[in-house]
Amino acid sequence: MSAGRPRETRIPLAEAPPPGRVRMIRVGAHRIALFRVDGKFHALADRCPHRGAPLCSRGRVVTAIEVRDGEPAIGPQDALVRCPWHKWDFEIATGRCAVHPRLRVRRYTVEVDDGELVVSLSKAP
Amino acid sequence: MLIDSDVHVGYETLLDLCDYLDPPTRELVIHSGTNGLGMPTYPWYHPTGWLRGDTYDREATEVGAQLPGQNLERVRANLLDASDVTYAILTPDEAAAFSVLPNAELAARLCSGYNNWLLERYLEEEPRVRGLLVVPPQHPEAAAREIRRLGPRDEFVGVFLPGGARVPYGNPVHEPLWRACEELALPVAVHTHFEGVGIAGPVTAAGYPDHYVEYHTLCGAGMWGHFVSILCHGVFERHPDTRVMMMEGGLVPFVGLLWRLETNWRACRSEIPYCRRPPSEYVLEHVRFTTQPLEEPADERLLLPAIEGIAPWETLCYASDYPHWDFDEPEQTLRRFPAEWRDAVAHGNAMSFFRLPTPVEA
C-alpha cells in the first residue's frame with residue numbers, strides 16, 4: 001500500500017445522493033460516483049469500460065424501458081447509468097453493461113457507519 | 001443432396017392465369033387497357049438479356065411474354081436433372097409485381113390466381129419442387145387470408161415478399177401477415193424484386209439509377225431495409241417461431257449492416273424495446289441467407305473473412321437463381337466454401353429452414 005494515499009473516504013449520510021442523482025467523490029486518485037438505487041448505496045468508477053468516457057460524472061441516471069405483456073413498460077426506477085459518449089447503459093447495482101455481456105464497470109465498497117457513508121477502494125463483493 | 005432455394009418460374013403472359021382467377025379479375029386481365037392488363041415493370045433493360053440463354057424459347061418470343069417457353073419440362077432438364085437437385089424452392093418472376101400494384105384488392109386476387117396456377121402447373125406435377133406463396137403485402141389482411149388458404153398444403157413451404165415495398169416489413173401494419181405465418185409455421189422469404197417499381201419506394205435515397213447495372217448493384221437495398229425493420233420491430237420476439245430468409249441481397253452488405261445495427265442498438269435500444277436482445281442473436285436464430293449472387297472479389301481469399309460475421313456455416317443456403325442471367329452453378333459455388341461448411345450450405349440449413357421432409361431414396 002502506498003503511504004499517504006487514503007484508502008477510504010467518509011461523507012455524512014445527509015450529503016448522500018438522492019435516487020436518480022450522482023454524487024462524485026475522490027478516494028486518493030480515484031474518481032468515484034455514488035448512487036442510491038432502491039434505498040441502497042453503490043459506488044462505481046467514473047470510467048466507461050467501453051471507450052474510457054467519464055461514465056458517471058458526465059453520464060445520466062436513467063430508467064430502462066422494457067416490454068411487459070407485449071407493451072413498453074418502465075423497468076426498475078433510476079437503476080442505470082448511461083454513458084455520455086456512446087449511450088451504453090450500465091446497471092448501477094452490479095456494474096454490468098446492459099448491452100455488452102463482457103463489460104462491467106468497476107465497483108467499490110460502500111458501507112453505512114455511524115451516520116456516514118464509507119467508500120473504500122476495496123472491490124465491492 | 002442439394003436444395004436450391006431460389007428457382008424462378010413464371011407464366012408466359014398474364015393471360016395464362018385466366019383459368020385460375022375469379023371471373024371479375026379474369027375480365028380485367030383480358031380487357032384492361034388496349035391489350036389486356038399489364039404489370040408495372042423495371043424502367044431499366046438488361047443490355048444482354050435477363051435470362052440464361054437456354055432457359056426459354058427464343059424463337060417463340062412474343063410481345064408481352066415474360067418467360068416464353070419456360071415450363072416444368074425445361075426446369076427439369078436444365079436444373080432438377082442436370083444438377084441432381086433434391087428440392088427446388090420455386091419463386092415468382094413477374095408475379096412478384098402483384099405486390100407492388102397500387103390496387104391492393106386486385107393484387108390479392110391476382111396472387112390467389114397465381115398460387116392456384118403454381119400449384120397445378122408445377123407443385124402437384126413434380127415432387128422435387130416446393131412453392132412460396134405470393135401474397136399482397138400492401139393488403140396485409142388479404143395476405144393473411146391467402147396464407148391461411150393455401151399455407152396448410154405441404155406443397156407450399158413459405159411466403160414470398162419482394163424487396164420493393166411501400167412500407168418496410170417489420171412495420172406493425174404487416175402484423176396480420178406475420179401472425180398467419182407463425183400460425184402455420186411458414187417462413188418468409190424476402191427477395192430482391194421490383195425496387196423502385198409500382199408503389200415501391202425508390203431503390204435508394206440517392207434518386208433513380210440511370211442504368212440497369214446500377215440498379216442490379218443496388219437492388220439489395222430494399223431487402224436491407226426490411227432486414228433492419230424486421231429486427232428493430234421485434235418481429236422475432238412477438239413470433240418466436242418465425243423464420244426469415246434474405247434471398248439475393250448479397251452477403252457482405254448484411255455483415256456491415258448487422259455490425260452497424262448492433263452498435264446503434266446499444267445506444268438506442270430504449271427506442272425499440274421490442275428488440276430485447278442484440279440483433280445478431282435474432283439473426284443467428286431466425287434469419288437465413290441465400291448464396292446467389294455470391295460476391296466475387298478479385299482476390300478470392302477475401303470472400304470468407306468478409307462473410308463470417310453472419311456465421312454462414314449456420315445461415316447460408318445454396319441458391320442458383322435459375323433461370324436468370326447471373327445463375328450460380330452449384331458445384332462451382334459450393335467449392336468456394338470450406339469442405340466442413342458444404343453440407344450445411346448445400347442442404348442442411350435449407351432443410352431445417354423450410355422444414356422439408358427427408359427425401360425417399362428412389
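The following paragraphs describe the two chains of a predicted model, their strands and helices, and the contact between chains A and B.

Chain A contains eleven strands and zero helices. Read from the N terminus, the order of elements in chain A is β-β-β-β-β-β-β-β-β-β-β. The radius of gyration of chain A is 15 Å, and the globule rule gives 14 Å for 125 residues, so chain A is as compact as a globular protein of that length. Along the principal axes, the C-alpha atoms of chain A occupy a box of roughly 55 × 30 × 25 Å. Buried residues make up 26% of the 125 residues of chain A. When contacts in chain A between residues at least 6 apart in sequence are considered, 45% of them join residues at least 24 apart.

Six of the strands of chain A form an open sheet with antiparallel pairing, in the order β1-β11-β10-β4-β3-β2. Strands β1 (8-12) and β2 (23-27) of chain A lie at the edges of this sheet, and each pairs on one side only. On average, and with direction ignored, neighbouring strands of the six-stranded sheet are turned by 30° against each other. Strands of a sheet pair through backbone hydrogen bonds, either parallel or antiparallel.

Two pairings within the six-stranded sheet can be described at the level of residues. Edge strand β2(A) is joined to strand β3 (residues 30-37) of chain A by five bridges, and the two strands run antiparallel. In this pairing A:R26 stands opposite A:R31 of β3(A). Strands β2(A) and β3(A) form a hairpin with two residues between them. In the turn of this hairpin, A:G28 has a positive phi of about 60°. The second pairing joins strand β4 (residues 40-45) of chain A to strand β10 (residues 107-113) of chain A, in the antiparallel sense and over two bridges. Here A:A43 stands opposite A:Y108 in β10(A).

Chain A also has an open sheet of three strands, in the order β5-β8-β9 and with antiparallel pairing. The edge strands of the three-stranded sheet are β5 (60-62) and β9 (89-91) of chain A, each of which pairs on one side only. Neighbouring strands in this sheet are turned against each other by 35° on average, direction ignored. Strand β8 (residues 80-82) of chain A pairs with β9(A) in the antiparallel sense over three bridges. One bridge of this sheet has A:L80 and A:E91 of β9(A) as partners.

The secondary structure of chain B consists of 14 helices and eight strands. The radius of gyration of chain B is 19 Å, which agrees with the value near 21 Å for a compact globule of 362 residues. The C-alpha atoms of chain B fill a box of roughly 55 × 45 × 45 Å along the principal axes. Of the 362 residues of chain B, 49% are counted as buried. Among contacts in chain B with a separation of 6 or more, 79% are between residues 24 or more positions apart.

One helix pair of chain B consists of α7 (residues 221-232) and α9 (residues 252-268), with axes that come within 11 Å and cross at roughly 35°. The crossing of α7(B) past α9(B) is right-handed. On the α7(B) side the contact is made by B:W224, B:F227, B:V228 and B:L231. On the α9(B) side it is made by B:P253, B:F254, B:L257 and B:L261. By class, this contact has eight nonpolar residues, no polar residues and no charged residues.

Residue B:R301 is found in the loop of chain B between β7 (287-290) and α11 (303-307). B:R301 counts as exposed because it has 8 C-beta neighbours inside 10 Å, and a residue is exposed if 12 or fewer other C-beta atoms lie within that distance. Although B:R301 and B:R336 are 35 residues apart in sequence, their C-alpha atoms are 9.7 Å apart in space.

The contact between the chains takes nine residues from chain A and seven residues from chain B. On the side of chain B that touches chain A, the residues divide into three nonpolar, three charged and one polar.

Terms used:
Residues numbered from 1 in each chain as written. Chains lettered and ligands numbered in written order. Predicted model: local features only at pLDDT ≥ 70, side-chain atom pairs only at ≥ 80, totals over all residues. Pairing = 2+ DSSP bridges. Helix = DSSP H or I, 4+ residues; strand = E, 2+ residues; numbered from the N terminus. Axes fitted to C-alpha atoms, helices over the stretch in contact; angles between N-to-C directions. Nonpolar A, V, L, I, M, F, W, Y, C, P; charged D, E, K, R; others polar. Rg over C-alpha atoms; globule rule 2.2 N^0.38 Å. Buried ≥ 20, exposed ≤ 12 C-beta atoms within 10 Å, placed from the backbone. Left-handed = near helix turned anticlockwise from the far one by under 90°.
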